[in-house]
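Here is my note on the model you sent. Please read the points with the structure open beside you.

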Amino acid sequence: DDEWYEEGEDWDGDGDKAWDAEDEGWWDGDGAEGEGEEDGWGDDEDWEEEGEEEGDAWDDEGMILQRCAMGGPNRQRNVGIHTIEVYYPQFYIKQTEMEEYDSRPDRYGPSVIGKYTKGIGMTEARFPTDDEDPVSFAMTVTHRLVERMSRDGFNMTGHYAPDGQTLNPWNAIGRLDVGSESLIDRSKSMKTYVMDLFERYGEGEANVEGVDMYNACYGGQAAGLSVVNWVESDRWDGRYGLAIATDISEAHQSTFFTVGAACTGTLFFPEAPVAHHSHRASAILHRLDFFKPVGWKSMAPLVDGKYSIDAYMTCIELCYSTLRKKLNDRPVFSMTDYNVFHTGGGFHVIKKAFERMCRADDPESSYDKKQQLVQTRLIPSCHLLKIIGPCHTVSSFLNTASVIMSEWEKALGRVLVVFTYGSGCAASMYQLRFDDLAWMQPLSSWKVEFYRNAIHMHPSTMIHEVYIATWMKFDYRPCGRELCQIDPWKYELDAYYLMEIDKWGRRFYHRGGVIAPELDKKFKLRADQAEGRPKRRYWKLVTEKPKEEEKTLEDEWKQLEYDMVYDRADYDEEEVVEETIAKANPNHRIVTVEIRSSRPGIEAIEHDGADHTFQIVGSWSRFQEAEDMEEDDGLFQYTVTVGENGWEDFYLLQDNDRDKKIFPASERSWKALPCVGPHPGGAKLKHWRIDARDIDENAEEDLGKPGDQYLVTFSWKAGCLKNLEWDKLEGERGDYRRGEYFIAGSWTCWDFLRLQHSGDGHWRTRVQMTSLGLEFCFARDEDISQLIVPEVELDGDGQPAAAGTELSQVLGPDARAQSIQAAARWKVEGNVGDLFQITFFRSLEDPYVMEVRWENVGSSPVVEPEPRYFLVGTRNRWGKDGFLEMARVGNTSNFSVQLELQDKQEAFRLVQFKRLDLSLRPDKQDCTQMQAHQVLGPTTAQDEQCWAIGKAAADKAKPGDSFVVTFDAAGKKVSWRKL
């Protein structure tokens, strides 16, 4: 009992020895060595309890090992990476801008152009200021990772717990090692700072093995391998192992292109998606290529660059040869699919290392083959390196994460070789195998988060110099963001920031920095008071966001015009860059779209400074003629005479160019409101309206009658907004054009037909009642914006609920509906074959007086109209946006129409006479032309009954392809073919 016994002593007082040091064997109770059934435990592996019948052996086939037995011979399988949490500071530079900055005569001159991008292979670089350090990085990555374990649901400790219960995430980590070369203390480990989180949020959790490891850039991998060893060992207790690599590659202004900073938290566990595979090899040598002596004046190392690269390459060769021996001389490079190398510098170094490994396996490998291998095996590991920069001990984890995220499901079943290195020097090489998707994000969606809170800085910034100046600082509070006027509300609330270094060099951190409130009392510790740790109120707290500068009316109008003239939809090109499955939900697909924009800046709407002429185009000429406006000291003027409608619509042209229209921002706009243009117009074209009618919404100053005149004035000077106004010319009268009138009805498929003018304001036509009925409305000048319709009752959606009669009040001419089919209409009652004369009357003396009449003038044998067929579908919202007419093919019974696919699959039906209740459709949902089906109708269609182009693989359809759809009216058959 709690005592150690010497060799040969009695364990339990029964006189039997239990251990023989010489023979190192177990003995049975009789003193006989256990080699057989009579003398020992037996080799039949059947353990029998007292009272059991012979043969009632313990059947272990259905047993599940829940956790590793302490002291037992069993080891956990496929230990490896479950996820890698990546943290990076917000500030970044672009290396193209760095080259431009360094190419100045007062720096390095033009020779640096291309050196950082094409030469070293970098794109961007991340760096912190003085309110972050490797400890804050480690705290951030740990807290984020633990929160993500709960959010994404990958806490699997319950699988190995004796009671099957999943541990609280803050209690689910049993070992945590930290690797870094950016040390802040020669005694106290960074890991102990991180343990503050476990103690606060894990109800006092302290049973977490591990401390810090350092050897230049190798410390992070040393931490990772130690954690792997622990999870694989017989001392593993069923919890996760976490290896943190945290470093800042600080760089003075003179070498700012070498900056980089990041932190990773790599979570290790059995049955990992990315498992440690096969053997590993190491090379540890004494080299004086890189060191940071105690007491040295700065954070920067003493380094022999060329010699350090020689040591790096030597370690590659040693690790490679050792690993190859362990694999029975199998070619390591040829038997793997991806390669990760430690990155102390830029991409160019690891490219040389990759080529060296390639030559070791295949000395005769051609240049083209090596370049192909670079693209398929090395480039996947460099995506993060190129945008974060070199960051010491973190780099090999970053590069591993890059492969995981960029290759995603393509990596499944493949093998990755990792080479990690630290100057001085220490190196290891090992293999990883992709068995499943890691608990991470695909690269493209991760990049969305990467840039979400990023702060772009010009290379001339001194904000990183403030961080470098914190070396050996005492009694210090960070000030870098404030000095560089960075908005405090750009702090990330889930990141830790350094708040103070006190006079003893003790460091204190707070999640969320200066914008975060005090920690909840339930998370406070006795040590906070016992050690005299500063309270939150001693540090700066920003509680009010700065008020946004209010935009002037002029700024708002400029923005409105800019958004209309340069609509994003016209200038943004979307490309799907990645489409992958989600780890947490295989039924959920993650689609990342990259938007490339050629949209110019807002300055593009400013006046170009050149002289221009302006013309006016209006409803008085049916928008056919562009008439010059007269200039007077920069003002352009034109006199408009209001016609018989009591209103006139118009827009302007610049330089008589129909692609340079100037129009209001809203339809039927009044004067002195935002203007848009020059612009082609198209679907965005809107009109100003001078409205003289005495109705509620019209301004009193504009009220008048047909024949009254208004002076339109337009001005646009450099540096000023465009402005259009008009004034009524009191007492001035002018002549105006009388309009022509057209009818659209059920027998015309709602196409316009001109009425016969019979004088005195009367317009007439004669029609026969057919099976299509007689429903109609009118329009002035064949213009849908000048519809003439009956006043009828409307439903809750504002749509006509009944048809008009001869007693209905006549409304218009005005825009009363988005389409003729949606407009109110008159309906004639009668019998098939009856003849009716329909008359529209508009008074010449008072154009506001209008009447509609019809009379039965006889009967004759009915002549049904020739069938007309139209296509409706997803492309025109099933007729809400118009109808696509099919043309008769020669003298046959076939009708066809050509259409261009707008999507991968397009559904459609056919209708007769633009009537949705006369629909032709298949008897199946999303029917292909290859399926056996019947064509139903013409009757009202069910929503799901339609044909679908692109559903069948034989269609070989993709957006932009053109198809001809053909309907055989005689055989009642629909088909299509790709052009």
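In which strand is the place of Val591? Val591 sits in strand β20. Point 1 starts from there.

1. **The nonpolar patch.** This is a predicted model. On its surface, Val576, Val591, Val593 and Ile595 make a nonpolar patch of about 320 Å². Strand β20 covers residues 589–597 and gives the most to this patch, with 3 residues. Val591 counts as partly exposed, because its relative accessibility is 43%, and partly exposed is the class between 20% and 50%.

2. **The negative patch.** A second surface patch carries negative charge. Its members are Asp611, Asp628, Glu630, Glu631, Asp632 and Asp633. Strand β23 (residues 630–632) gives the most here, again with 3 residues. Asp633 lies outside that strand, in the loop between β23 and β24 (635–641). Is Asp633 buried or exposed? Asp633 is exposed, because its relative accessible area is 69% and the exposed class begins over 50%.

3. **Overall build.** Look next at the whole chain. The protein chain has 16 helices and 50 strands. Its C-alpha trace spans about 135 × 80 × 65 Å along the principal axes. The radius of gyration is 41 Å, whereas a compact globule of 979 residues would have one near 30 Å. Buried residues make up 49% of the 979 residues.

4. **A buried salt bridge.** The structure holds 70 salt bridges. In one of them, the side chains of Glu492 and Arg144 meet at 3.7 Å, N to O. Why does this pair tie together parts that are 348 residues apart in sequence? Glu492 lies in the loop between α13 (480–483) and β17 (496–501), and Arg144 lies in helix α3 (residues 134–152), so the pair joins those two parts of the chain. Both Glu492 and Arg144 are buried.

5. **A helix-to-helix salt bridge.** Glu317 forms a salt bridge with Arg356, and the closest N and O atoms are 2.9 Å apart. Glu317 is in helix α6 (residues 305–326) and Arg356 is in helix α7 (residues 347–361), so the pair ties together parts that are 39 residues apart in sequence. Glu317 is partly exposed, with a relative accessible area of 42%. Arg356 also counts as partly exposed, at 28% relative accessibility.

6. **A strand-to-strand salt bridge.** Arg733 and Asp708 form another salt bridge, with the closest N and O atoms 2.8 Å apart. The pair links distant parts of the chain, 25 residues apart. Arg733 is in strand β30 (residues 723–733), and Asp708 is in strand β29 (residues 708–715). Are the two partners buried or partly exposed? Arg733 counts as partly exposed, at 46% relative accessibility. Asp708 counts as buried, because its relative accessibility is 8%, and the cut-off for buried is under 20%.

7. **A salt-bridge network.** Which residues are linked in a network of salt bridges? They are Asp649, Arg668, Arg689, Asp691, Arg693 and Asp814. Please trace this group in the viewer.

8. **Cis peptide bonds.** Check the backbone before two prolines. The peptide bond from Gly677 to Pro678 is cis, with omega near 0 degrees. Pro678 is found in strand β27 (residues 675–679). Another cis peptide bond joins Gly812 and Pro813, where omega is about -5 degrees. Pro813 lies in strand β37 (residues 810–814).

9. **Positive phi at Ser278.** Ser278 is not a glycine, yet its phi is positive, at about 65 degrees. Ser278 has its place in strand β10 (residues 274–284). With a relative accessible area of 45%, Ser278 is partly exposed.

10. **Positive phi at Arg877.** Arg877 is not a glycine either, and its phi is positive, at about 50 degrees. Where is Arg877 found? Arg877 is in the loop between β41 (869–873) and β42 (884–885). Arg877 is partly exposed, with a relative accessible area of 44%.

Terms used: Residues are numbered from 1 along each chain as its sequence is written. Side-chain values use heavy atoms; hydrogens and water are left out. Patches are made of residues with over 30% relative accessible area and no salt bridge: like charges are joined within 9 Å, nonpolar side chains (Val, Leu, Ile, Met, Phe, Trp, Tyr) within 5 Å. Accessible areas come from the Shrake-Rupley method with a 1.4 Å probe; for residues, only the protein chains shown count as cover. A salt bridge is a side-chain nitrogen of Lys or Arg within 4 Å of a carboxyl oxygen of Asp or Glu. Lys and Arg count as positive and Asp and Glu as negative; His and the chain ends are not counted. The place of a charge is taken as NZ of Lys, CZ of Arg, CG of Asp or CD of Glu. Helices (H or I, at least four residues) and strands (E, at least two) are DSSP runs, numbered from the N terminus. Buried means under 20% relative accessible area, exposed over 50%, partly exposed in between (1.4 Å probe, protein chains only). The radius of gyration is taken over C-alpha atoms; the globule rule is 2.2 Å times the number of residues to the power 0.38.
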